[in-house]
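Let's take a friendly walk through a protein model together. Have the sequence and the 3D view ready, and look up each residue as we reach it.

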Amino acid sequence: MSRIALVFLLSLSYTISIAQQDYEYVGIIKLPDTSLISYKISFVEKDGLVKGHSITDMGGAHETKSFITGYFDDKKNSLEFYESGILYTKSSITQNDFCFVHFDGRLKKLNESQQIKGAFKGMYDNGAECISGDIMMTNFRRVLKKASKLDRKIDRNILVSKEKKDAVNIRQTMDSLSLNLLNKNEVMSIFSKSETVTLEVYDAGQEDGDQISIWVNDAVILKDFTVTAIKKTLTIPLKTDETKVKIKALNNGAIGGNTVKMDITDVNNHIDTLTNLKEGESAQFVFVKN
């Protein structure tokens, strides 16, 4: 009986893994004025239903993460998805001003060899049309594989100095785009339906004595704190429409600047962030009640 149960559990796990697949595609949005904006989608596909997130302007001053939903039809070779709501943004404009992507194009298979290409229509929350353009994306795993191959070629090149080899690491650069970096004077607005959010503060790398202070709506809640690998958990109530959380770097760590991991969790979402500050610099989260 135990063997039968084990076989059943393994087959069930295998069936679930087949029924639900995770995918990531990365590329650009091209606007009519020839502007190019980085764009990435991460989603789960199950029985034709697509659900996940998009990130626009990765690592840029207007980085925005939105929710996406849609459909994939392998018989009609079609993929459609649309953005509907924002998880966070570094842009200063209000949520009602955002132009959401609505994409409907052809795609034979969801695999590494296929690209997502086609026109998209931009729509405001109220259904009015805004700016439209074209999307061109490649499977993210395929991009990482190519980046790793290029890095190996550079490493084997005897004409390139070690300093330049260390400075040029394409795979590492691609991985860094997946981090939600918070730089000097940047404000990340996070939309939440929760009554409280949890902020976990820690040093994800080598401990180097980074010190910070944190304020919530101008009241200090963490003063002259030395960040270590042990997570410091803070619970922040969201009592008003907007709750401002300010982080200030008090020094430069022994290794580079002041880089601190800050993981944010509410009732529905989890966001990993990393501060990239120098002594005296600060950045902010603004929690906006939905």
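## Rings, a sulfur bridge and empty spaces

Phe287 has a relative accessibility of 2% and counts as buried, because buried means under 20%. Please keep in mind as you read that this is a predicted model.

Phe287 has a partner: together with Phe285 it makes a tilted aromatic pair. A general point helps here: two aromatic rings are described by how far apart their centres are and by the angle of their planes. For Phe285 and Phe287 the centres lie 6.3 Å apart, and the planes make an angle of 35 degrees. Is Phe285 buried or exposed? Phe285 is buried, at a relative accessible area of 0%.

How many aromatic pairs does the structure hold? There are four. Elsewhere, Tyr23, Tyr25 and Phe43 come together in one aromatic cluster.

Rings can also have a charge above them. Lys231 lies over the face of Tyr202, with 4.8 Å to the ring centre. In a second case, the charged end of Lys246 is placed over the ring of Trp215, 5.3 Å from the centre of that ring. Trp215 can also be viewed alongside Lys248: their C-alpha atoms are 8.6 Å apart, although 33 residues separate them along the chain. Lys248 belongs to strand β15, which covers residues 242-249, and Lys248 is partly exposed, with a relative accessible area of 29%.

Next comes the sulfur bridge. In general, a disulfide is a covalent bond between the sulfur atoms of two cysteines. The model has one disulfide, and it joins Cys99 to Cys130 with an S to S distance of 2.0 Å. The bond links distant parts of the chain, as the two cysteines are 31 residues apart. Cys99 is in the loop between β5 (78-89) and β6, while Cys130 is in the loop between β7 (115-123) and β8 (133-139). The link of Cys99 and Cys130 is right-handed, with 90 degrees about the S-S bond. Cys99 is partly exposed at 28% relative accessible area, whereas Cys130 counts as buried at 16%.

Cys99 leads us on to the empty spaces. What volume does the largest pocket have? The answer is about 400 Å³. The largest pocket is lined by 18 residues, and the closest to its centre are Ile37, Thr56, Phe98, Cys99 and Ile131. Strands β4 (64-73) and β6 (100-106) each give at least two residues to the lining of this pocket.

There is also one cavity of 30 Å³ or more in the whole structure. The largest cavity has a volume of about 40 Å³. Here we meet Phe287 again, since the residues lining the largest cavity are Leu87, Ile190, Val197, Ile264, Asp266, Asn269, Ile271 and Phe287.

The table shows how the two linings divide by residue type.

| Space | Nonpolar lining | Polar lining | Charged lining |
|---|---|---|---|
| Largest pocket | ten residues | five residues | three residues |
| Largest cavity | six residues | one residue | one residue |

To finish, return to two residues that each appeared twice. Cys99 is part of the disulfide with Cys130, and Cys99 is also among the residues closest to the centre of the largest pocket. Phe287 pairs with Phe285, and Phe287 also lines the largest cavity.

Technical notes:
Residues are numbered from 1 along each chain as its sequence is written. This is a predicted model: local features need pLDDT of at least 70, side-chain atom pairs count only at pLDDT 80 or more; totals for chains, interfaces and linings use all residues. Side-chain values use heavy atoms; hydrogens and water are left out. On a 1 Å grid over the protein atoms alone, a cavity is a set of points where a 1.4 Å probe fits but cannot get out, and a pocket is an open set with protein on both sides within 12 Å along at least five of seven lines; lining residues have an atom within 4 Å of a point. Grid points are joined across faces, edges and corners, and a volume is the space filled by probe spheres set on the points. Helices (H or I, at least four residues) and strands (E, at least two) are DSSP runs, numbered from the N terminus. Ala, Val, Leu, Ile, Met, Phe, Trp, Tyr, Cys and Pro count as nonpolar, Asp, Glu, Lys and Arg as charged, and the others, Gly among them, as polar. Rings of Phe, Tyr and Trp (its six-membered ring) pair if their centres lie within 6.5 Å; planes under 30 degrees apart count as stacked, over 60 as edge-to-face and the rest as tilted. Buried means under 20% relative accessible area, exposed over 50%, partly exposed in between (1.4 Å probe, protein chains only). A charge sits over a ring if NZ of Lys or CZ of Arg is within 6 Å of the ring centre and within 35 degrees of the ring normal. A disulfide is a pair of cysteine sulfur atoms within 2.5 Å.
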